[in-house]
Amino acid sequence: MGVTINDIARICGVSRTTVIRALNDTGRISDATKARIRQTAQENGYRPDLLARGLAMSRTYTIGVVVLNVMNQHFAQIVNAVEERSRNNGYGVNIMLHGQDPALEQQQVNRLLDYHVDGIILSSVNAEGSYADMLKKAPVPIVTVDNRVGRGLPFVGVDNRKAVYQLVQKAIRKTYRRLVFLCPPLSRRGLNLYVHEERRAGFLEAVKDAGFSDYHVVECEDYSDRCKSLLLPERGTAFICSGDIFALELMKFFRGCGLSAGMEYGLTGFDGTSILDYVVPRIDTIDNHEKEIGHAAVDMLLSLIEKKDCKTDLVIPADYLNGRTL
């Protein structure tokens, strides 16, 4: 068991209150006494009980973060930005992963609340209406990112619909004869797939507004063979993927068929993840602004924690990143 404040007080021959004042640099106490107490604490390996201090102050200076995983670079980059911004504001971060399990996500949120975090940043996969009500009633502020969970919940994300709309416009200008939109199944019961639904909506709006007739929406986990049937035998097909990981998987599959992105077919992703810097040819994509999302979510959350007025619905414009595959 480590040394306590009472132990330091006994060693230095002062009161417990004097030790607390010396360690926290508060109250009226001589410089000599303060220096002696701090040196004693350091020599005996004293470590403050931050949890006890936080509970006493009704603030733990800890932010909870719940995301899908950190294998996907999109979430890893958001978490990194959240940690950086939180640390620069004197907060620690407790990270939890739900693995696209709505029940586990709810358990993780409740666990963070039990840990008395000061606020939570959540990338949710939960689509139940009652879940949104639960989040609104939480004792601390919760800011959602990526997927909207319900009306009235603070949110930070990018304009997915407009980004894909503009991407389709570019593909049409480049005279592709067929457009294929790829995304995960959007009918998964109980899953919040808001970002992919918005991207699909942007695709459908764009082809409709352009009067473009030869288009397809492919929703499935393993779409490689189906996409191959859409691509061959004629060329002039562009694949617009609702995530960089889908574009990379498709590119790998077609490479195995002897087909090159940017030559035999067009290809774009969405997220602008840094892993694309190592892919040849460079895949066209949409910058999802993970760093901006992470920083903005922390800024919004800290304002809510401190009960300051702030904008609680922030949609960041998404930018097209030019590659060599569309």
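What is the strand order of the open sheet of 4 strands, and is the pairing parallel or antiparallel? I took this up as my opening entry, keeping in mind that the model is predicted.

**Entry on the sheet.** I read the order of the open sheet as 7-6-8-9, and I noted that its pairing is parallel. Strand 7 (215-219) and strand 9 stand at the edges with a single partner strand each, so I find one side of each without a neighbour in the sheet. Going from one strand to the next, I get a twist that averages 15 degrees. Turning to one pair, I looked up strand 6 (residues 178-183) and strand 8 (residues 237-241), which run parallel and are joined over 5 bridges. Within that pair I followed leucine 182, whose bridge partner in strand 8 is cysteine 241. I then checked what packs on the sheet and found helix 9, which touches strand 6, strand 7 and strand 8, and whose direction makes about 170 degrees with that of strand 7.

**Entry on the cavity.** I looked next for enclosed space and counted 1 cavity of 30 Å³ or more, with a volume of about 30 Å³ for the largest cavity. Among the residues that line this cavity I wrote down Asp146, Phe155, Arg199 and Asn288. Strand 5 (155-158) and helix 9 (194-210) each supply at least two residues of the lining, and I see that strand 5 gives the most, with 3 residues. By class, I noted 4 nonpolar, 3 polar and 2 charged residues in the lining of the largest cavity.

**Entry on the pocket.** For open space I turned to the largest pocket, which holds about 700 Å³ and is lined by 35 residues, with Leu68, Asn72, Phe75, Ile245 and Phe246 nearest its centre. The elements that I find giving two or more residues to this lining are helix 5 (73-88), helix 9 and helix 11 (244-256). Helix 11 has the largest share, 5 residues. I recorded the lining of the largest pocket by class as 13 nonpolar, 15 polar and 7 charged residues.

**Entry on arginine 282.** Where does arginine 282 lie? I placed arginine 282 in the loop between strand 9 (266-268) and strand 10 (285-287). Leaving aside residues up to four places away in sequence, I listed what arginine 282 touches as Leu276, Asp277, Gly323, Arg324 and Thr325. With aspartate 277 I also noted a polar contact of 3.2 Å, made between the two side chains.

Key. Residues are numbered from 1 along each chain as its sequence is written. This is a predicted model: local features need pLDDT of at least 70, side-chain atom pairs count only at pLDDT 80 or more; totals for chains, interfaces and linings use all residues. Side-chain values use heavy atoms; hydrogens and water are left out. A polar contact is a pair of N or O atoms within 3.5 Å; within protein, one must be able to donate a hydrogen and the other to accept it, and residues adjacent in sequence count only if both atoms are side-chain atoms. Contact means heavy atoms within 4.5 Å. On a 1 Å grid over the protein atoms alone, a cavity is a set of points where a 1.4 Å probe fits but cannot get out, and a pocket is an open set with protein on both sides within 12 Å along at least five of seven lines; lining residues have an atom within 4 Å of a point. Grid points are joined across faces, edges and corners, and a volume is the space filled by probe spheres set on the points. Ala, Val, Leu, Ile, Met, Phe, Trp, Tyr, Cys and Pro count as nonpolar, Asp, Glu, Lys and Arg as charged, and the others, Gly among them, as polar. Two strands pair if DSSP finds at least two bridges between them. Axes are lines fitted to C-alpha atoms, for helices over the stretch in contact, and angles run from 0 to 180 degrees between N-to-C directions.
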